[in-house]
Each structure stands twice: as C-alpha cells, then as structure tokens.
Amino acid sequence: MSHLSQRPHNPIVGESHAHESAAAHVTGTALYTDDLVGRMVGVLHAYPVQSTIAHAKLLSLDVAPALRIPGVVRVLTAADIPGVNDQGAKHDEPMLPTDEIMFYGQPLAWVLGEDLEAAKAGAAAVTVEFEALESLISIQDAIAANSFHGVQPVIDKGDTEAAFADAAHIFEGEFEFAGQEHFYLETQNSLAYVDEGGQIMIHSSTQHPTETQDIVSHVLGIPAHQISVQVLRMGGAFGGKEMQPHGYAAVAALGATLTGRPVRVRLNRTLDMTMTGKRHGFHSRWKIGFTAEGKILALDATLTADGGWSLDLSEPVLTRAMCHIDNAYWVPNIKVHGRVAKCHKTSQTAFRGFGGPQGMLVMEDILGRVAPQLGLSPRELRRRNFYTEGQDSPYYQPVRHPERIDAAWQQVIDQAEIERREAEIAEYNATHEHSKRALALTPVKFGISFNLTAFNQGGALVLVYKDGSVLVTHGGTEMGQGLHTKMLQVAATTLGVPMSTVRLAPTRTDKVPNTSATAASSGSDLNGGAVKDACEQIQARLAQVAAGKLGVPAHEVRFERGLVSGLSTKATISWEELVKAAYFQRIQLSAAGFYRTEGLHWDLSIMTGEPFKYFAYGVAASEVEVSRFDGSYTLRRVDIVHDVGDSLSPLIDIGQIEGGFVQGAGWMTLEDLRWDTSDRPTRGRLATQAASTYKIPSFSEMPEEFNIALLDKAHEEGAVYGSKAVGEPPLMLAFSVREALRQAVAAFGTPGASVELASPATPEAVFWAIESVREPAVAEAASATS
C-alpha cells in the first residue's frame, strides 16, 4: 500500500461529519462575497450596458447621457482598459467589444453608480449604434455554415471499416441534445478595492482564484503580485465559476483602480443567465456495429459541441466528451471526430462532468434505441458489453478495476430487488392502459484528473500555533461540496489531533500561489495530497522532539487524536505540550505542502495516453411511471451504488451523490434552454432567462424512495487515504431516469418498438414520443379488427 493511501490507526477520515459550515448556512451567518459590501464605505455598484442584437458591427457607443444621470460616477468602456482587452483562456474573448457584437446580452460597457438604481438608469441612457450582421444561433446553423473554431481532434483505434464488414447488425442515427444552465444559488459577483500601497484586493465567487488573478493582471497590465484574490465560499458553482468570473473580477478591479473606491459587480438572475455560458449542447452522428450476440464491434461517431461565440473551455470539454463516449463499455474498434461549433450566443463553459456526460449520453442513447431491435432487454445489452480485465479505453488507457462495474451492478440488482420489481411492472403495464411503468439500470465509468496534465497539482499552507491550534489554507475553493470538511479531516488525521484543533482559512492567492481550479472532481485528491504533505513535514519535526521526551526512536512515535506516544514505552505527552516544547526548541511549526498527480501523460494531437489517475464507477436503477394523457411522470424509486474508494467523509459523499444525481436528472428531463431562432429583432435572445421560464428540479421531482450505498472494498491505491473523487460522476447516474422514461414510452407501443426520445425528455417530449409509438400500434390494432 502506498504511503499516500495508507490510513493510520483510528483515523478521523472515514468518519461522518457534518459540513463545516452547515450551521452557518442554515442560520444565515455564513458570509459570501456580496455580504462584504455592507462592511465597506463608499462602494460603487456596476451595471452592464447589454447588446440587443446577436451579431453586429459596433459603430458607436455614446456614454455622455449616462454621465448626466444623478449618482453615476463613471462608465467603463474598452478604451479604459490599460492592459490586454481579453478575459478568456484563448485570447479570443474581449472583455468589452471594440468593433463587433457577438451575442444578444453581451456587455458593451459598465456603468458605475453610487447605488444600483443609479447604475441601472445610467446603463439605460447609453446609446449604441450598430450595423446588423448575419447570426448563427443554433448548432444546426453553425454546421450548415461550416462555422467552427479551435481544434478538431480525432480518436482512431482499431479498424472500424473491417469491423463493420464483420458486424451482424449495423445501426445509424443522429442525436442532438441541449445544454444546461448552472443556476447556482449565488450569482456571479466580485468586490474589489485598492489599499494604500496600491495592492488590489479582490473578493470573488470563483473556482479558480489563480486564473482570476492572471486575467486581472493582464487586463490591468500589472504583475500578479499586486493582486490578491480571496474566496470565502461560493453558493454553488458547478463549473460555471471556473472561467466565467474572471471578467467580472476584472471589471471590479478596473473600476476600483480608476475611481479609488471599492467596486461591486453582482449579477441579478436574469443578467447572470443572459451573460454567462452554459453546459455545451451537442449534436452527434453515429454508426455502430454489433456481433450476433449483441457485443459492440465498432463505433464511428462525430461529436459537435455548441461552443457559443468564443472558445472558453470548449476544446477540453470536447476532448473529454470524446474520451467518455465509451462509458462503461468496451468498443474494440472506434473512430470519433470532434469539432466545436461557433454560434452567436453565450460562450459555453465548464459544467459538472465537463463534457463527460455529453459523450456518455450518446452511448446510452444508442444502446437504449437499439436494444429492442437486437431482441435484448436494455439491461442485458448493457451488461454484455461491460469492460473486463485487460481491456483498454479508446485512447489506449488500461481500464483498472473493471470488476467494480459488475460488483456495483449486481449489488443494485440484489439490494433493489430488480427482478421482482420488473415482474410487478410487467403486471402493472398489462392492466393499465393509460399509464405505464419502467425500471432502467445504467452504469458510469468516469475518468478523474484534468485533461491538461499541468493542472494536476495542488498546494497548501499549514500553521501550528504555540497553543497547539492548527490553521490550514489550501488551494481549493469551497462551493458547498464539502471540500473544506474533508481537508479538516485529512489534516486532523495526518497530525493526529481532534478535528476541533484545526481551522480552515479562506482560500487566498497570497497564501497558496499557482493553484489549479477546484474542478474535474480533483479538489480532494490534489488539495488533500498537499495538506497531507504539509502536515507530515510538521509531524516529522515534532516526532524528533517527542522522541527526546518519550525516550524512544523517532520512528516509533505515534500521534493519535491529541495524544503522542511511543511503541516501546507507556509514557505519553499531549499534543499541546509537545508543540510548546518544540517552540522553545525553535522547531519550525509551519510548512508549505505540495502534491502532483503522478503517472499522467496525454498527447492531444493523436488523442492517446493516460490522462486519468483512475476511473470512478457507479450504477443506478430508476423506476418511473408515465401518463399517456400529457407525458407527465413520477420518479418512483432510485437505487444507487457508487464507488468513492475508501470514503474520506461518508456523509459528505452521500450528499454529493444525491445532489449530482438530481442535477443530472434535471438536465435530462426538465431543463430546457431556448434561444429565439426567429428572424425578429430579438433573434438570439435567451428566452428562458429566469426561474419562471427555466425549470430546475424541486422537491416534487424527487424520488419517493431514494437509496444510496457506497461500494464496499473499493480502496484506491495511490490516492489520498485510499479515497476517490465524488463531485462529478454521480451526475451521470441520472441516465437511468431518461432510459426508464424511454422504456415506459415503449410500453405504450407494440413489443420491440425502438423509441427516439428528445433530450431534455420533458413531459411534452415524452407525450410526443408516446404518440409516435402508439400510432403504429393503433393502426395495427385497427387493421386486425377490420
């Protein structure tokens, strides 16, 4: 067992502890970025001047009328930017446009006012002249116009042409599915001010403080050491605060440097939805071949991601989608082409799963469609194609522990009594004409690590004070997912102290530099490794002091929950006494920790390598009941078995599994993004820009019975304390809901019917799918009676 994954005796990791801010969350005392505004004097409020056209040549921007509005202090335009006018990852995303408008709702200028109402009035007063240009709104528009940007990678393994020639069954099809709004509770916001030394302090709701620092640095044209970014906590992020916050932080910082006053940028819900990126919608075209026994022989697919107006993170999102098109199934011969469509709408961005869900959904949709045509149940078709030992992925990475897919699959079948319930469902469907039930199982295999190898590093700073108390700062950000709680448990376990001894400080770029984004489900892996490293440095120094006090060799010293002992003595010393003794011996009681994920390599040019440290596995079974009359449905029961390795914090992990599943179900069944694709002046406007028009899951969509179990005997060698990531993989367990809906729809038609189901599978979409399978059945029945 590796040192990193080995747990000491009686560890605090593995225990269930409440979220470290749970009490503050529910009592309203937890501070978020915008709560700091009330603690400052003279804050200016920023409000954007938004475009009212999707694509146009910008002719002029007259800000003079805004400056005549009482309370307006300044209007920020591109001309005010002293450095580089760009807020993106690929230098294709002007913070404020100079000559071309690229999407409906794009900020053209920012008005700074003494209060928000003054800023709003000022924004309304700005006059904009433009010349309309042709706009591409849908992904189909972009494909027809051959409008793409970025790389167009290809996965090519085996010999697909020969395999298709040998296939007993070949199917072809297309599948287009929508994106998803992040709809975090806390919208994008930043607060910036300049101190007496010219240091810029930015409080930001960002998943990537270092990149926020980098973007502000080049927008202002100053070195990074003049900028500090702090993150208290976020009220949700889901990937939407990995790249998107940087421009808003830069606006606040620019305003603060130009006015000498603190500047607040906080988007209301409609501004947030109309200005920020979404999960990428995708279009897929595919051809798949099977053996006579239903084993996949070959897959040829083209994936087109809807990137929006600029690249943002679309390229790595696309490559991860391509790398996950296999999901949990072995495809010996495969060719996948990828491309990013350039459209005139918001620049789509990271979202929980980061392309993985899109790639996996294509495969699950294919299997759900073709299973009836192969004469197999969807459950059996999936099982026959699971990875087994010795097989590798489409990009040639060996798939370790594939037996865990089978183990989780069988555990769900046994614990959820699948076979008994399937028989009951068959009986129900035979006796109910106007409603049908179905139960579907789907697996998940999800790779953990950043696509970009350089991002797989983390840092931490651990301070032990003279009284024995411990302060930990790490490079990860807390967005409600429980990362800080896990880091408290890691630090307490490594140092051998109670959790009450340790406190977490807010994430700051002037404490831990060059951090990676808290994304890719790697927060615990990277920052946990770094925290463990820092604690071990301190513990090694303290062990030398304890050895002298206890009269034993240093390697015999043990630290356990505040008590320090030796293997060959009955003597003990308290943690506090030991720290005090170390201080008087002038022993360093602080350490900077670092962790890098080993064993990763990736060649983007040929899409081969080992980009992932390991795979997380899971299986979900979902049962639905669907009404013929309006397509409405009830999620009756969900059973999940998920692989989190040796859990660092089971209560936190179960919460992440619940939340991820529900968010995934929302994407696939409820959340329907709609842009205006008409030829009216409002073309390109996001129509679903508020909670009143964009439906996210609520309590009424929760399953009546929700059972979650963590996979047993799932230790992950080479990861911090044997754990696995949990943030993203559970989202894809919700494929089971969509597949259950497909099977319920099929039950309204003749046996063996193949069902094409839109995504999201809203009640409306389900209704029309039912109609499509009922028409042949009704016609057949009429023919038989005539």
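How much space lies in the second largest cavity? In this predicted model, the answer is about 90 Å³. Fourteen residues line that second largest cavity, and those closest to its centre are Asp 525, Tyr 595, Thr 597, Lys 613 and Tyr 614. Sorted by class, its lining splits into seven nonpolar, five polar and two charged residues.

That cavity has company: the structure holds five cavities of 30 Å³ or more. The largest cavity takes in about 220 Å³ of space. Its lining is made up of 20 residues, with Gln 87, Glu 93, Pro 107, Tyr 248 and Met 275 lying nearest the centre. As for the make-up of this lining, ten residues are nonpolar, eight are polar and two are charged. Strand E5 (107-113) and helix H7 each put at least two residues into the lining of the largest cavity. H7 gives the largest share, with four residues.

Helix H7 deserves a look of its own. It covers residues 245-259, 15 in total, and reaches 21 Å from its first C-alpha to its last, close to the 21 Å expected at 1.5 Å a residue. Is H7 mostly covered or mostly uncovered? It is mostly covered, with twelve of its 15 residues buried. Among the buried ones are Pro 245, His 246, Gly 247 and Leu 254. Tyr 248, one of the residues nearest the centre of the largest cavity, is also buried. Just after the helix comes Gly 260, which takes a positive phi of about 75°.

Over to the strands, and to E18 in particular. All five residues of E18 (residues 470-474) are buried, so this strand is largely enclosed by the rest of the structure. Both of its faces are covered: Val 470, Val 472 and His 474 sit buried on one side, while Leu 471 and Thr 473 sit buried on the other.

E18 has pairing partners, too. Strand E17 (residues 457-464) pairs with E18 in the antiparallel sense over five bridges. One pair to look for is Val 462 with its bridge partner Val 472 in E18. The hairpin of E17 and E18 has five residues between the strands, and there Gly 468 takes a positive phi near 95°. E18 also runs parallel to strand E19 (residues 502-504), and three bridges join these two. Here, Leu 471 has Arg 503 in E19 as its bridge partner. Together with helix H14 (residues 483-495), E18 and E19 make a right-handed β-α-β unit.

Conventions: Residues are numbered from 1 along each chain as its sequence is written. This is a predicted model: local features need pLDDT of at least 70, side-chain atom pairs count only at pLDDT 80 or more; totals for chains, interfaces and linings use all residues. Side-chain values use heavy atoms; hydrogens and water are left out. The expected span of a helix is 1.5 Å times one less than its number of residues. Buried means under 20% relative accessible area, exposed over 50%, partly exposed in between (1.4 Å probe, protein chains only). On a 1 Å grid over the protein atoms alone, a cavity is a set of points where a 1.4 Å probe fits but cannot get out, and a pocket is an open set with protein on both sides within 12 Å along at least five of seven lines; lining residues have an atom within 4 Å of a point. Grid points are joined across faces, edges and corners, and a volume is the space filled by probe spheres set on the points. Ala, Val, Leu, Ile, Met, Phe, Trp, Tyr, Cys and Pro count as nonpolar, Asp, Glu, Lys and Arg as charged, and the others, Gly among them, as polar. Two strands pair if DSSP finds at least two bridges between them. A crossover is right-handed if, with the strands pointing away from the viewer, the path from the first strand over the helix to the second runs clockwise.
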